[in-house]
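Got a model open and wondering how its labels were earned? Let's go through some of them, one at a time.

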Amino acid sequence: MKKRLLGKIISNKMQKTVVVRVERIREHPKYKKRYRLHKNYKAHVHEGEYQIGDKVVIEECRPISKEKRWRVIKKL
């Protein structure tokens, strides 16, 4: 089973590549305060128009380039 993540597109300026920001909420072990963490992933898009702000599902795949190891599956 391949990993799937839900995120928001923050850049679509490259050809066949979008940058997806994935946020997650973590709880501090001692103080129990919740805080947000985020990570940016470069994801491959085969075809279709994706705009900044679109929510998408990305899935891990074989390495496509130096930094691309994810593929956009669908837009929500």
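A salt bridge here is a side-chain nitrogen of Lys or Arg within 4 Å of a carboxyl oxygen of Asp or Glu. By that rule this predicted model has 5 salt bridges.

Q: What makes arginine 4 and glutamate 59 a salt bridge?
A: Their closest N and O atoms are 3.0 Å apart, and the cut-off is within 4 Å, so the pair counts.

Q: Why can we say that this pair ties together parts that are apart in sequence?
A: Arginine 4 sits in strand β1 and glutamate 59 in strand β4 (residues 55-60), so the parts being tied together are 55 residues apart in sequence.

Q: Is glutamate 59 buried or exposed, and how do you know?
A: Its relative accessibility is 12%. Buried means under 20%, so glutamate 59 gets that label.

Q: And what is arginine 4 called?
A: Partly exposed, at 45% relative accessibility. That value falls between the 20% and 50% cut-offs, so neither of the other labels applies.

Q: How do you know that arginine 36 and glutamate 23 meet in a salt bridge?
A: The N to O distance is 3.9 Å. The rule asks for within 4 Å, so the pair passes. Arginine 36 belongs to strand β3 and glutamate 23 to strand β2, so this one links parts 13 residues apart in sequence.

Q: Why is arginine 36 called exposed?
A: Its relative accessible area is 62%, and exposed means over 50%, so the word fits. Glutamate 23, at 45%, counts as partly exposed.

Q: What makes lysine 42 and glutamate 67 a salt bridge?
A: Here N to O is 2.7 Å, and within 4 Å is what's needed, so it's a salt bridge. Lysine 42 is in strand β3 while glutamate 67 is in the loop between β4 and β5 (70-75), so parts 25 residues apart in sequence are tied together. Lysine 42 is partly exposed at 28%, and glutamate 67 is partly exposed at 48%.

Q: How do you know that β1 and β2 pair?
A: DSSP has to find at least two bridges between two strands. β1 (residues 4-14) and β2 (residues 17-27) have 4, in the antiparallel sense, so they pair. One of the partnerships is lysine 8 with arginine 21 in β2.

Q: What about β2 and strand β3?
A: They are antiparallel over 11 bridges, and at least two would do, so they pair as well. Arginine 26 stands opposite tyrosine 35 in β3.

Key: Residues are numbered from 1 along each chain as its sequence is written. This is a predicted model: local features need pLDDT of at least 70, side-chain atom pairs count only at pLDDT 80 or more; totals for chains, interfaces and linings use all residues. Side-chain values use heavy atoms; hydrogens and water are left out. Helices (H or I, at least four residues) and strands (E, at least two) are DSSP runs, numbered from the N terminus. Buried means under 20% relative accessible area, exposed over 50%, partly exposed in between (1.4 Å probe, protein chains only).
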